[in-house]
Amino acid sequence: MSKTELRTFGLTVGAAFAALGGISWWRGHELPPRVLWTLGAALFVPGLLFPAVLGPVQRGWMAFAAVLGHVNTRIILTVLYYLVMTPVGLVMRLFRDPLDRSLGDGKASHWIKREPRPVDVARYERQF
């Protein structure tokens, strides 16, 4: 990591811990603000004066963030699927068949007859 990236990490995360400590102090807590301010100072001061010292801290922080992101993604996607997608799918199936699979209207096949059209090369260039 470059000194600039480590400095940015130290100042940003240190300021975030200090801000969280301020919010905790404003809410009337005694010990948590002191812990958060200490962590903030332990990151902010080296980030300001000696950013190279924060290399191992930044690597550990990013490893923790990767694990947390992996877990959160699975939880969020699972909740989204079961609370949003599944009910929408069930409601759609109650009112209509989105794939038009029924042969109940006397059709012999699912085949849709299309009228032939002249070939237009421009139609195939940007299909999205």
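Start by selecting V13: leaving aside its neighbours within four places in sequence, this residue is in contact with L43 and W61. Keep in mind as you click around that this is a predicted model.

Now widen the selection to F9, V13, F17, L36, L43 and L54, the six residues that make up the largest nonpolar core. Colour the helices while this set is shown: helix 1 (3-26) and helix 2 (31-49) each supply at least two residues of the core. Helix 1 gives the most, with three residues. As a bit of background, nonpolar side chains in soluble globular proteins tend to be buried together.

**Next stop: Q58**

From the core, move on to Q58, which you will find in helix 3 (residues 55-95). Is Q58 buried or exposed? Its relative accessible area is 10%, and because buried means under 20%, Q58 counts as buried. Show what surrounds Q58: setting aside neighbours within four places in sequence, it is in contact with M1, L6 and F9. You have already met F9, as one of the residues of the largest nonpolar core.

**Along helix 1**

Several stops now follow in helix 1, so keep that helix highlighted.

Select E5, which is found in helix 1. With a relative accessible area of 42%, E5 is partly exposed. Draw a distance from E5 to A16: the two are eleven residues apart in sequence, and their C-alpha atoms are 16 Å apart in space.

Go next to A15, also found in helix 1. A15 counts as partly exposed, at 38% relative accessibility. Which distance should you draw here? Try A15 to F44: they are 29 residues apart in sequence, yet 6.8 Å apart in space, C-alpha to C-alpha.

Then pick G21, which lies in helix 1. What is the relative accessibility of G21? The value is 0%, so G21 counts as buried. To see what is around G21, show P33, L36 and W37, which G21 touches when residues up to four places away in sequence are not counted. L36 should look familiar, since L36 belongs to the largest nonpolar core.

Before leaving G21, draw one more line, from G21 to W111. These residues are 90 apart in sequence and 66 Å apart in space, C-alpha to C-alpha.

**Zoom out**

Clear the selections and show the whole chain as a cartoon. How many helices and strands does the protein have? There are four helices and zero strands, and from the N terminus on the elements run α-α-α-α.

Turn the model to view its overall dimensions. The C-alpha atoms fill a box of roughly 80 × 45 × 25 Å, taken along the principal axes. A compact globule of 128 residues would have a radius of gyration near 14 Å, but this protein has 29 Å.

Switch on the surface. About 10,900 Å² is exposed, and carbon and sulfur atoms supply 68% of it. Of the 128 residues, 14% count as buried; Q58 and G21 are among them.

If you can display a contact map, look at contacts between residues at least 6 apart in sequence: 51% of these join residues at least 24 apart.

For the last view, colour by charge. The protein has 15 positive and 8 negative charges, and the mean positions of the two sets are 10 Å apart.

Definitions and conventions: Residues numbered from 1 in each chain as written. Predicted model: local features only at pLDDT ≥ 70, side-chain atom pairs only at ≥ 80, totals over all residues. Heavy atoms only, no water. Buried < 20%, exposed > 50% of the residue type's maximum accessible area, 1.4 Å probe, protein only. Contact = heavy atoms within 4.5 Å. Core = buried A, V, L, I, M, F, W, Y, C linked by side-chain atoms within 4.5 Å. Rg over C-alpha atoms; globule rule 2.2 N^0.38 Å. Areas by Shrake-Rupley, 256 points an atom, 1.4 Å probe, with all protein chains shown as cover. Lys, Arg positive; Asp, Glu negative; His and termini not counted. Charge placed at Lys NZ, Arg CZ, Asp CG, Glu CD.
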